[in-house]
Structures are given as structure tokens and as C-alpha cells.
Amino acid sequence: MRLPLVPPAELTAGQRPLYEAFETMTRNAEYQGFEVRNPEGAFVGPWGVMLHFPELAVPLGRFIDLAQKLPGLGERARQVVILTVGARFNVAYELYAHAPLAARAGLRADQIAALSAGARPADLSEEELLAADVAGALVRAGAVPGPLYDAAVAKLGRPGFDAVVFITVHYVALGVLLNAYDVPAGRPVAGAPEGGKA
């Protein structure tokens, strides 16, 4: 990583409240199964980057929190969107962290591998395929094509479509941060699922 990781003993007064907020947040079940802190207690991944920008991290974190709470999209489809975005920009940590989360949501190992390589598995549900297609369209130049927009809104509803849009914005923003500072994938974590349900 191009920015130094910040161990707890070296936190500034501006970084400490953010570190403590990250500590509380990453105790949640969603953050289990992948490395969020190294053995010295320093945050890795997006948290390791955001600690260097506490003034920006707070409003970005608020946006991320709101985007994650949007209704209308199932967890499998949400992970499909995230892997689609991560693959488009080849975001190492994003793909690493969301592989176990996608498996936990019920995606199979082959589906996760295909999405992580930028492919679109044909055996996803209609909701998941539309979510992947909308996310894919958003990370290419130009507007979402009209027929795709109409199909997505008809199947997902406006809340589901909106959730795909803002989850995409969330992970594009994190992907830019992670790639700018060349953040690597984390270490393997014991007990992390390697594949979804058969």
C-alpha cells in the first residue's frame, strides 16, 4: 500500500475517533471472514486509507451507511453488483473481501469467480442479472440504455433500481481510493467461506 498503515499507538487526535468508529463497525457480522486489521491492530483496506483523511472519511462514511441501508435489493443481488464493480476496476481488496460475503449470501464459488473475472454467469436469477447489467452499464460511458432501465425498474422496482445505482456509486468511490493507493487484498482468514451453496 502506498500509504503507511496506522497502528493504534500512532493515531493522531483526529484519527482516534475514526479508528474507534471503525472498530465498532467492523465487529458486525458483515465484516467477518476477511482481514480488516493486521496483527498489530492497524486497519487495512479502505479503513487504512480513510484514516489518512478523517475530515473526508466522516461524510463519505455517512453516505456509505445510507447507501447500504437502501431497501429493494436482495443480498445476493447486492453482492453481484459489488463484484461487478470490483471486477470492472480490478479492485483487489474489494474482490477479496466480497468473495466470502457473496458466498455467505448464497452465490456459488463458480459464480463468484466468474463475476470477479468480469463475466456474467447466465444462471443468476433475473433480479441478479438485471442488477449486474445495470451496474455494468453504469461503469461504462453513457446513459443506462432505455430498454435496460425499463426492464430493471419493472423487475426490481424503483427502490431496487435506486439501490443498484447507489451501491455502484459507493463501490466505485471505494474502488478509486483502493486503486489510487494500491491497496492489496488482505490475508486469508480461518473459517472464511470459500464457496456458496451448491
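Buried means a relative accessible area under 20%, exposed means over 50%, and partly exposed lies in between (1.4 Å probe, protein chains only). By that scale Glu75 is partly exposed, because its relative accessible area is 39%.

The model is predicted: local features need pLDDT of at least 70, side-chain atom pairs count only at pLDDT 80 or more, and totals for chains, interfaces and linings use all residues. Residues are numbered from 1 along each chain as its sequence is written, and side-chain values use heavy atoms, with hydrogens and water left out.

**Exercise 1. Describe the packing of H4 against H5.**

Step 1. Locate the helices. Helices (H or I, at least four residues) are DSSP runs, as are strands (E, at least two), and both are numbered from the N terminus. H4 spans 75–89 and H5 spans 92–105.

Step 2. Get the geometry. Two packed helices are described by the angle between their axes and the distance between the axes. Axes are lines fitted to C-alpha atoms, for helices over the stretch in contact, and angles run from 0 to 180 degrees between N-to-C directions. For H4 and H5 the angle is about 160° and the axes are 9 Å apart.

Step 3. Classify the angle. Under 35 degrees counts as roughly parallel, over 145 as roughly antiparallel, 65 to 115 as roughly perpendicular, and the rest as oblique. H4 is therefore roughly antiparallel to H5.

Step 4. Assign the hand. A crossing is left-handed if the near helix is turned anticlockwise from the far one by less than a right angle, and right-handed if clockwise. H4 crosses H5 in the left-handed sense.

Step 5. List the residues. Contact means heavy atoms within 4.5 Å. H4 supplies Glu75, Arg76, Gln79, Ile82, Leu83, Val85, Gly86 and Ala87, while H5 supplies Glu94, Leu95, His98, Ala99, Leu101, Ala102 and Ala105.

Step 6. Sort them. Ala, Val, Leu, Ile, Met, Phe, Trp, Tyr, Cys and Pro count as nonpolar, Asp, Glu, Lys and Arg as charged, and the others, Gly among them, as polar. The contact of H4 with H5 has nine nonpolar, three polar and three charged residues.

**Exercise 2. Do the same for H5 and H8.**

Step 1. The axes of these two helices come within 8 Å and cross at roughly 125°. H5 is therefore oblique to H8.

Step 2. From H5, the residues are Tyr93, Glu94 and His98; they meet Tyr171, Leu174, Gly175 and Leu178 of H8. Four of the contact residues are nonpolar, two polar and one charged.

**Exercise 3. Examine three of the twelve salt bridges in the structure.**

Step 1. Set the criterion. Side chains of opposite charge can pair when their charged atoms come close. A salt bridge is a side-chain nitrogen of Lys or Arg within 4 Å of a carboxyl oxygen of Asp or Glu.

Step 2. Take Lys69 and Asp65. Their side chains form a salt bridge at 3.1 Å, N to O. Lys69 is exposed at 60%, whereas Asp65 is partly exposed at 27%.

Step 3. Take Arg158 and Asp162. The closest N and O atoms of this salt bridge are 3.2 Å apart. Both residues lie in helix H8, four residues apart, about one turn of the helix. Arg158 is partly exposed at 44%, and Asp162 is partly exposed at 25%.

Step 4. Look for a network. Glu30, Glu75 and Arg78 are joined into one by salt bridges that share partners.

Step 5. Take the Arg78–Glu75 pair. Its N to O distance is 3.2 Å. The two residues both lie in H4, three residues apart, about one turn of the helix. Arg78 is buried at 8%, while Glu75 is partly exposed at 39%.

**Exercise 4. What surrounds Ala102?**

Step 1. Place Ala102. This residue lies in helix H5 and is buried, with a relative accessible area of 0%.

Step 2. Leave aside neighbours within four places in sequence. Ala102 is then in contact with Gln79, Leu83, Leu107 and Ile112.

Step 3. Compare sequence with space. Ala102 and Arg78 are 24 residues apart in sequence, and 8.7 Å apart in space, C-alpha to C-alpha.

**Exercise 5. Where do Asn90 and Asp182 lie, and what is the phi of Asn90 and of Asp182?**

Step 1. Asn90 sits in the loop between H4 and H5. Its phi is near 50°, positive in a residue other than glycine. Asn90 is exposed at 57%.

Step 2. Asp182 is in the segment after helix H8 (146–180). Its phi is positive, about 50°, although Asp182 is not a glycine. Asp182 is partly exposed at 44%.
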